[in-house]
Amino acid sequence: MKTESSANGQPDRLNNTAQKKKRLERKVERLVRQMSLKDKLHQMSGDLYTLTSFLPDMIIRYNMHPIPAGHCPELGIPALLFADGPRGVVCGTSTCFPVSMARGASWDIELEERIGDVIGVEMRSHGANYAGSVCINLLRHPAWGRAQETYGEDTHHLGELGAALVRGIQRHGMACAKHFAVNSIENARFKVDVHVSERTLREVYLPHFKRCVDEGVASVMSAYNKLNGERCSESDFLLRKILKEEWKFDGFVLSDFLFAIRSATKALKGGLDVEMPYSWHYSFFLWLSLKLGRVSEQDVNEAVTRILRKKFEFQDVGEDHRYSSRAINCSEHIALAKEAADKSIVLLKNEEIQAGKALLPLDLTQKQTVAVIGKLAEAQNTGDHGSSAVDANHVVTALQGLKSLTSDTDVCLSYDDATSISKATRLASEADTVILCVGYTHMDEGEFLIYSGGDRDSLSLNPLDERLINSVVNTNSNTVVVMFGGSAIVTEKWRQKVPAILMAWYAGEQGGNALADILFGKVNPSAKLPCSFPRGNDDLPYFTKNTRFIRYEYLHGYRHLEHYGRPPAFAMGFGLSYSQFLYSNLTLSADSIDAEQSLTVSIDVENVSETDGAEIIQLYISYPQTVFRAPKDLKAFRRVDIAAHNTVSVFMTVTAEQLRYFDEASGRWQSEPGQYQVHVGSSSQAIDLLTLPFTVQ
């Protein structure tokens with residue numbers, strides 16, 4: 001009976017979906033036929049009609065209110081109501097989650113979908129219906145100022161987390177994936193021309209966008225930069241050939257705000273449908289292009305059709321009972337922000353300080369003095385102050401979190417902001433343990449603004465921070481260094497001296513509580529790095545922040561480091577736990593597959609400790625040597641909770657399609673026959689991986 005019901009129900013659902021889609025298309029087609037040219041052009045740009053009407057909002061606070069586009073009540077056409085924010089809704093006061101890079105460290109797809117759901121609820125509660133939250137630009141180099149807005153350096157990891165955010169948001173409204181494409185230099189974003197081979201583009205910089213398109217994302221935002229000499233917002237190759245034709249994307253493309261378009265004719269011909277946030281090129285200049293015959297009204301109709309299709313498709317989407325001012329930053333959403341922070345903070349080092357006893361976790365039941373040192377311990381440090389900034393009701397700092405947790409215990413906290421290194425060192429000498437808070441703020445990295453942000457000049461900590469660490473650890477060896485920042489930090493000048501290191505990122509409004517819980521063992525750390533931490537800048541691809549031209553090569557991140565034999569300080573996928581896990585019994589469903597089949601991989605993971613924990617199991621593939629490839633690529637991952645002394649069997653699938661490479665000579669994806677290797681383990685480094693071979697026929 002169950003099988004019959006499933007068999008009968010599936011065609012009915014598919015048929016109903018197809019009929020609904022046909023009705024929608026007919027409705028849009030009729031409406032476009034009756035619209036005047038003025039009506040159509042109105043749909044193609046933001047409703048803030050001039051720069052002067054947008055600037056006050058920018059000066060007071062960007063996106064304080066939803067940004068409208070194409071509202072036409074006379075024709076029954078709803079507005080796009082845009083709300084920015086990869087770490088939460090930028091409008092008004094909202095829940096501030098850890099930045100995307102931190103959430104990338106959770107490797108938790110289900111968690112990211114729940115975060116998307118909350119962003120969708122708060123977006124609607126603020127009166128918006130369209131979220132610019134899905135930032136999935138690949139981290140090519142950790143000096144990129146807006147690294148914190150994306151999930152990491154690997155295209156598969158990026159795509160899965162981006163797709164999860166899309167699913168969550170689009171229960172409530174439209175989502176936007178951005179910035180399409182190769183956007184990863186901040187200071188020169190308006191002028192830089194990124195040159196990249198077609199194979200590198202398609203294998204490295206585009207698959208995560210395709211994953212979100214396949215998930216049904218409503219829109220894609222173009223990037224400011226040029227690609228191979230052509231502006232991304234005016235690129236027929238990117239927006240029409242790949243996105244709309246090859247990938248069958250049926251949504252609309254909008255510009256990044258203000259300075260993305262230089263030519264209305266090129267932009268429309270290239271495939272850009274909406275200019276934001278106000279009408280500049282897509283008003284008089286587009287009208288003039290039509291009159292001069294440079295574009296046709298059919299070009300306009302195609303853009304308007306795409307816009308209306310998504311407006312009407314999402315018009316009735318949502319859960320109205322969940323939208324109200326009371327839903328914004330409610331206790332349930334705050335709890336989710338805390339969970340996200342718990343799962344994002346990475347334990348990078350935790351050495352034994354005596355036989356069988358690592359420095360962490362600290363013991364809440366033990367009478368002890370703990371010195372908290374560093375001005376960032378009391379800073380509300382949630383990330384950059386640009387377009388992703390979220391105004392939270394209350395941000396828990398590291399110091400507040402530690403005070404709250406230890407208030408009714410025998411743990412005695414002391415604090416110094418380290419304005420004077422000698423004073424901080426004296427305090428450290430009097431403590432049993434030191435928690436040293438160092439790193440970056442919005443002044444050091446983020447969206448490039450007049451007063452802050454931009455790309456980093458150095459991957460190392462501020463020299464004063466490095467002096468502070470060395471001075472304190474020389475005085476008190478029981479020192480925990482907690483680093484704040486948006487991506488990789490070079491630690492070579494002090495890493496070997498310090499017994500415990502945590503990467504806390506910008507952990508959102510509940511970051512202080514999460515950090516305290518991890519330091520004292522109330523939460524078992526489980527996060528793993530979503531990007532490689534190199535030993536030095538010379539180990540990475542070339543990067544310069546004010547260039548007009550740069551070439552992006554095929555290799556970056558862990559793929560680059562391994563190819564050139566540069567061991568990282570901390571590898572992609574690396575992270576410690578208070579539990580210990582043992583991997584065994586790696587098996588494959590077949591020794592050989594053909595170019596249309598898939599391979600199922602299983603492995604047993606045992607928690608051999610006394611502590612319940614979570615492990616992130618990663619699957620990498622290495623290739624035959626006939627075609628130049630990366631040493632290995634991430635193809636699957638699973639986050640699994642494992643109780644103490646329990647074993648779980650984890651199953652992951654790799655399809656033959658995932659193993660293909662793009663052949664520039666034929667312009668097609670090709671399968672490479674030969675022997676491959678499956679690597680499964682706890683990080684990307686060889687010592688942490690079990691390996692088995694298989695062949696592709």
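In what follows, Lys and Arg count as positive and Asp and Glu as negative, while His and the chain ends are not counted. With that convention, the protein chain of this predicted model carries 74 positive and 85 negative charges, and the mean positions of the two groups are 5 Å apart.

The overall build of the chain comes next. The protein chain has 18 helices and 28 strands. Its radius of gyration is 26 Å, close to the 26 Å that the globule rule gives for 697 residues, so the chain is as compact as a globular protein of that length. Taken along the principal axes, the box filled by the C-alpha atoms is roughly 80 × 60 × 60 Å. Of the 697 residues, 62% count as buried, and the accessible surface comes to about 27000 Å², with 50% of this belonging to carbon and sulfur atoms. Among the contacts in the chain with a separation of 6 or more, 77% are made by residues 24 or more positions apart.

Helix 14 shows how one element can be packed into its surroundings. This helix covers residues 398-406, and its buried residues are A398, L399, G401, L402, L405 and T406. Seen down the axis of helix 14, these buried residues fall within an arc of 165 degrees, so they line one face of the helix. A general rule helps in reading such a pattern: an α-helix has 3.6 residues a turn, so residues three or four places apart point the same way. The buried residues of helix 14 pack against strand 13 (368-373), strand 14 (411-416), strand 15 (433-439), strand 16 (479-484) and helix 17 (511-519).

One of these partners, strand 15, contains T433. Because buried means under 20% relative accessible area, T433, at 5% relative accessibility, counts as buried. Leaving out residues up to four places away in sequence, T433 touches L359, L362, Q368, T369, V370, A371, N476, N478 and V480.

Two loop residues can be set beside this strand residue. T611 lies in the loop between strand 21 (598-607) and strand 22 (613-622), and at 31% relative accessibility T611 counts as partly exposed. Not counting residues up to four places away in sequence, T611 touches N524, Y578, S579 and A644. E664 is found in the loop between strand 25 (661-663) and strand 26 (668-670), and at 43% relative accessibility E664 also counts as partly exposed. Apart from its neighbours within four places in sequence, E664 is in contact with S197, E198 and R199. By contrast, E664 and G116, which are 548 residues apart in sequence, are 37 Å apart in space, C-alpha to C-alpha.

The backbone itself also deserves attention. The peptide bond from K178 to H179 is cis, with omega near -10 degrees, and H179 has its place in strand 4 (residues 174-180). Another cis peptide bond joins M276 and P277, where omega is about 5 degrees; P277 is found in the loop between helix 10 (264-270) and helix 11 (281-291).

Phi angles give a further view of the backbone. K248, a residue other than glycine, has a positive phi near 60 degrees; K248 sits in the loop between helix 9 (236-246) and strand 9 (252-254) and is exposed, with a relative accessible area of 66%. N585, likewise a residue other than glycine, has a positive phi near 60 degrees, but N585 lies in strand 19 (residues 581-588) and, at 49% relative accessibility, counts as partly exposed.

Conventions. Residues numbered from 1 in each chain as written. Predicted model: local features only at pLDDT ≥ 70, side-chain atom pairs only at ≥ 80, totals over all residues. Heavy atoms only, no water. Helix = DSSP H or I, 4+ residues; strand = E, 2+ residues; numbered from the N terminus. Rg over C-alpha atoms; globule rule 2.2 N^0.38 Å. Buried < 20%, exposed > 50% of the residue type's maximum accessible area, 1.4 Å probe, protein only. Contact = heavy atoms within 4.5 Å. Areas by Shrake-Rupley, 256 points an atom, 1.4 Å probe, with all protein chains shown as cover. Charge placed at Lys NZ, Arg CZ, Asp CG, Glu CD. Arc of directions from axis to C-beta.
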